[in-house]
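Reader: I have a model on my screen and would like to understand the words used for it. Could you take me through them?

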Amino acid sequence: MSSLEEPREPIKICLMSDGSVMTEDGEYLGTWQADENDHRSFTPDGHSEPLLFHPFIPILCDMIEAWHEGGALTGIDRPSAP
């Protein structure tokens with residue numbers, strides 16, 4: 001089986017065309033944008049400044065997922081439990 005035929009992991013973080021960031025379950029997390037150099041950033045809902053930055057979308061999505069799940073990104077405010 002070639003790598004093109006291997007199953008892909010489900011997309012957990014979606015960067016929407018309107019600039020919003022959603023989970024696969026439809027939870028709104030904040031916004032994303034690209035600057036004039038096409039570097040991307042993520043600003044969590046309720047924050048006024050970007051929190052995460054990365055030029056490559058898949059890596060930014062992984063970082064957002066880790067932040068959202070309270071994972072590997074230490075020292076960064078995470079969403080509080082409902």
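**Arginine 40 and its surroundings**

Author: Happily! In this predicted model, the side chain of arginine 40 comes to 2.7 Å from the backbone oxygen of proline 55.

Reader: What makes that a polar contact?

Author: The cut-off for a pair of N or O atoms is 3.5 Å. The arginine 40 side chain reaches the backbone oxygen of proline 55 at 2.7 Å, so the pair is within 3.5 Å and counts as a polar contact.

Reader: Why is arginine 40 called buried or exposed?

Author: Buried means under 20% relative accessible area. Arginine 40 has 16%, so the word is buried. Among the residues that arginine 40 touches are Trp32, Phe53, His54 and Leu60.

Reader: Where is arginine 40 found, and which residue stands opposite?

Author: Arginine 40 is in strand 4, residues 40-44, and alanine 34 stands opposite arginine 40.

Reader: How do you know that strand 3 and strand 4 pair?

Author: Pairing takes at least two bridges. Strand 3 (residues 28-34) and strand 4 have five, in the antiparallel sense, so they pair.

Reader: What is the order of the strands in the open sheet, and which stand at the edges?

Author: Five strands form the sheet in the order 1-2-3-4-5, with antiparallel pairing. Strand 1 and strand 5 (52-54) stand at the edges because each has a single partner strand.

Reader: And which residues make up the largest nonpolar core?

Author: This core has 11 residues, including Ile13, Phe42, Ile64 and Trp67. Helix 1 gives the most, with five residues.

How values were computed: Residues are numbered from 1 along each chain as its sequence is written. This is a predicted model: local features need pLDDT of at least 70, side-chain atom pairs count only at pLDDT 80 or more; totals for chains, interfaces and linings use all residues. Side-chain values use heavy atoms; hydrogens and water are left out. Helices (H or I, at least four residues) and strands (E, at least two) are DSSP runs, numbered from the N terminus. Buried means under 20% relative accessible area, exposed over 50%, partly exposed in between (1.4 Å probe, protein chains only). A polar contact is a pair of N or O atoms within 3.5 Å; within protein, one must be able to donate a hydrogen and the other to accept it, and residues adjacent in sequence count only if both atoms are side-chain atoms. Contact means heavy atoms within 4.5 Å. A nonpolar core is a set of buried Ala, Val, Leu, Ile, Met, Phe, Trp, Tyr and Cys residues joined through side-chain atoms within 4.5 Å. Lists of a residue's contacts leave out its neighbours within four places in sequence.
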